[in-house]
Every structure is written in C-alpha cells, then in structure tokens.
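User: Hey, can you walk me through this one? I'd like to start with how the helices pack and then move to the annotated sites.

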Amino acid sequence: MSKKPVRVAVTGAAGQIGYALLFRIASGEMLGKDQPVILQLLEIPDEKAQKALKGVMMELEDCAFPLLAGMEAHGDPMTAFKDTDYALLVGARPRGPGMERKDLLSANAAIFTAQGKALDKVASRNVKVLVVGNPANTNAYIAMKSAPSLPRKNFTAMLRLDHNRALSQVAAKTGTQVKDIEKLTVWGNHSPTMYADYRFATVNGKAVKDLINDQEWNANTFLPTVGKRGAAIIEARGLSSAASAANAAIDHMRDWALGTNGKWVTMGIPSDGQYGIPKDTMFGFPVTTQNGEYKVVEGLEIDAFSQERINITLKELQEEQQGVAHLL
Ligand SMILES: NC(=O)c1ccc[n+]([C@@H]2O[C@H](COP(=O)([O-])OP(=O)(O)OC[C@H]3O[C@@H](n4cnc5c(N)ncnc54)[C@H](O)[C@@H]3O)[C@@H](O)[C@H]2O)c1
Ligand SMILES: O=C(O)C[C@H](O)C(=O)O
C-alpha cells in the first residue's frame, strides 16, 4: 500500500538554495523513494518573488515527479506551515563579500520570530524544523523560543554543510574516500568559530588522527579552511553556496527522518546540558538518529585544545543570543 503524503514546507522557495532543493525533495531524495510529498512553498508577499515562485512550480510540474502529491504557493507563514510535518527555513538574506554571518542577525531575526510563532500555531506537533537561513544557529534558537507549545527538540540548525566540508578535507589529506570516514563532527556555531573535530574519526577502521599526525595542519590549515569555506565560496562565485547547502539540507533531514544506522552526523540542536553547553544553546553536536529522533554521542573526551575551541564558539553563540534577547 502506498504511503500517505507528508507535508513539507520550504521558505525562500524561489531563492538560489530553494532552486537546488525543491527538485530533490520532490524526487524522493530527502524522505525516501516511497514517500509522497506535498510542497508548501513560502516566499515574501511581493509580486516579483511570487512570480518567480510560480515559475519554479511550473518547472516542478514539468518534471512529473511521481512522488509530488501536491504543491502550494504561499505569502504568509500562517498558511504555509499549516499541518506541516517538515519545515525547511531557508528564506533569509544571504551575506555578501566582507560580511560575517552574524552581521545578518538584525536583518533576519524578525523573520524567524514570525515564523516560529506561525509554526507554534499551525504546524504538526511533530514538525521537524531545519533552519538554514543565517545566522542559522541563532535563527533556530529564535524560532524555538517563539514556539513555546512545540517540543524544543523539534528545532535544529544546519551544521551539515560544515560536516560535509570537513569530510572532504580529511579525505583529501589522507588520500581516502569520504564514504569510508566515520565519527567526524563539528561542534558549535555555523560560523568561522566552529570546531571541526577529527580526533575520533576513523577511515576503514584506522584512526584519522594517527594518519594525519599533524597538529599544525589541524590548527592552521584544516580548521580555517572548513571555518572560512563559506566566505571562500562567496569570494569565488560572487554568491553564497547554494547547491552544496541544499545538499546538506537534504542530508540533514534524510538522516533525521530515516536514521543513520549508528553512524555519527552533525546537527545543530538545543543543548540539554551535554558537554557543559548550557541548556537551549543551539549547538553543533555529534549525533546518531533512529526512528525520527536524534541522540547526542556522549562521553567523548574533550582535551584542552578542544575545550578551548568549544569555549570560543560557545561564547560567540551566547553573544548572539544576548543580541536577540529583546525580541523573545
Ligand atoms: N546554514 C548553512 O550552511 C547555509 C548555507 C548556505 C546559505 N545559507 C543561508 O541561507 C539563506 C538563503 O540563501 P539563498 O542563497 O537561497 O538566498 P537567496 O537570496 O537566493 O534566496 C532567499 C529567498 O528567501 C526569500 N525570503 C526572504 N525573506 C523571506 C521570508 N520572510 N519568508 C519567505 N521567504 C523569504 C527571498 O525572497 C529569496 O527568494 C541565507 O541566509 C544564506 O546565508 C545557510
Ligand atoms: O557563508 C555563508 O554566508 C553561506 C553559508 O553559510 C556557507 O557556509 O556557505
């Protein structure tokens, strides 16, 4: 018997990430090749944006995806999020050259307050929310705090792009393949302070740390390369990452919904106090997922270098949180 369609809301649906994302969701790459989806697409209530959204929907229609069970265009989050099971909050202003992601805080905070409130009122009580719009961790924190009737655990921020970037850098350095690397993670904020950590990683069962054995490379090449990759892409493309961001959003939601079979992935999630991170801080952690739930990998040793890095990214997140406290 075929499955009942699920509702997937995507904001910023006519933007560049939206364009790289929607076709993959509709083709079953996110929730499985047997899961029909109804797309509930939100764009700003502006003639040009709504017209562009119609164009994207025409193209979706022209793909004749068998799993696309319905499609709606919205200009108001209160209708876009109605009964939604999944919400990918992408729509926000991207940064340009020379900006840091936190420079977007005031421009984008209002969006996530309004959208958190709308999710609170109309979404499924089990909605899985992924915030992609920057600064992603703090926007996810704002949305969570604006939705007090929904479980906190339903709100997550995208650290998966950083995780995937770190995987590729480690594979290149060790001359191995991404598919063979396990137990890598990225702690903290989706910003240059993030701490990509391969201390526990293995490749075909061998310790990545031993294969690399170069703390100078870790501190002075690997961490800055992963941390500043978004800026390097803006510099090269003149636009922020889109296809890789959409790919990471698919990875994040797929793994959350369908499980990782014991493999570690990185998700930005509200802390429950693990590793000394204060409760509710939207922090990148290593997690495994099963039956639609994530679980932090606990008990990892945090050495002095790692603690220092974790403290730096935590401090930045706490400053961002303080900067939006008046909105909540
Ligand atoms: N977390 C990550 O790893 C990551 C990676 C890449 C990009 N991003 C962020 O994702 C966001 C989107 O990037 P993009 O390249 O698609 O930008 P874009 O400008 O191409 O598209 C954004 C779209 O969102 C729409 N929008 C703006 N406000 C909205 C609102 N309140 N409701 C609904 N739609 C709204 C705009 O009209 C636009 O079509 C940016 O904030 C960017 O910095 C995050
Ligand atoms: O860096 C940006 O501003 C976009 C995105 O967050 C990225 O990491 O590519």
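**Helix packing and annotated sites**

Analyst: The crossing of α4 and α5 is right-handed (that is, the near helix is turned clockwise from the far one by less than a right angle; anticlockwise would be left-handed). Before going further: this is a predicted model, where local features need pLDDT of at least 70, side-chain atom pairs count only at pLDDT 80 or more, and totals for chains, interfaces and linings use all residues. Residues are numbered from 1 along each chain as its sequence is written, chains are lettered from A and ligands numbered from 1 in the order in which they are written, and side-chain values use heavy atoms, with hydrogens and water left out.

User: At what angle do α4 and α5 pack, and how far apart are their axes?

Analyst: Helix α4 (residues 105-122) and helix α5 (residues 136-145) pack at about 35 degrees, with axes 8 Å apart. Axes here are lines fitted to C-alpha atoms, for helices over the stretch in contact, and angles run from 0 to 180 degrees between N-to-C directions. Helices (H or I, at least four residues) and strands (E, at least two) are DSSP runs, numbered from the N terminus.

User: Which residues make that contact?

Analyst: From α4 you have L105, N108, A109, F112, T113 and G116, and from α5 T138, N139, I142 and A143. Contact means heavy atoms within 4.5 Å. They divide into five nonpolar, five polar and no charged. For that split, Ala, Val, Leu, Ile, Met, Phe, Trp, Tyr, Cys and Pro count as nonpolar, Asp, Glu, Lys and Arg as charged, and the others, Gly among them, as polar.

User: Is α5 mostly covered or mostly open?

Analyst: Mostly covered: nine of its ten residues are buried. Buried means under 20% relative accessible area, exposed over 50%, and partly exposed in between (1.4 Å probe, protein chains only). The buried residues of α5 pack against α4, β5, β6 (155-157), β12 (265-270), β13 (282-290) and α11 (304-324).

User: New topic. Where does UniProt put the active site?

Analyst: The unreviewed UniProt entry places "active site" at H190. UniProt positions are in the numbering used here, feature names are shortened, and annotations may be inferred rather than shown by experiment. H190 sits in the loop between β8 (185-187) and β9 (195-197).

User: Why does H190 count as buried?

Analyst: Because its relative accessibility is 7%. Leaving aside neighbours within four places in sequence, H190 is in contact with R101, N134, N137, M158, L159, D162 and R165.

User: And which residues carry the "binding site" feature?

Analyst: In the same kind of record, an unreviewed UniProt entry, the feature is at G12, A13, A14, G15, Q16, I17, G18, N108, Q115, V132, G133 and N134.

User: What about Q16, where is that?

Analyst: Q16 lies in helix α1 (residues 16-26). Q16 is partly exposed, with a relative accessible area of 30%. Beyond neighbours within four places in sequence, Q16 contacts R237, L239, S240, S241 and A242.

User: And V132, buried or exposed?

Analyst: V132 is buried, at 9% relative accessibility. V132 is in the loop between β5 (128-131) and α5, and touches I17, L89, V90, M158 and A249, not counting residues up to four places away in sequence.

User: Last one: what's L130 up to in β5?

Analyst: L130 is found in strand β5 and is buried, with a relative accessible area of 0%. L130 and A166 are 36 residues apart in sequence and 20 Å apart in space, C-alpha to C-alpha.
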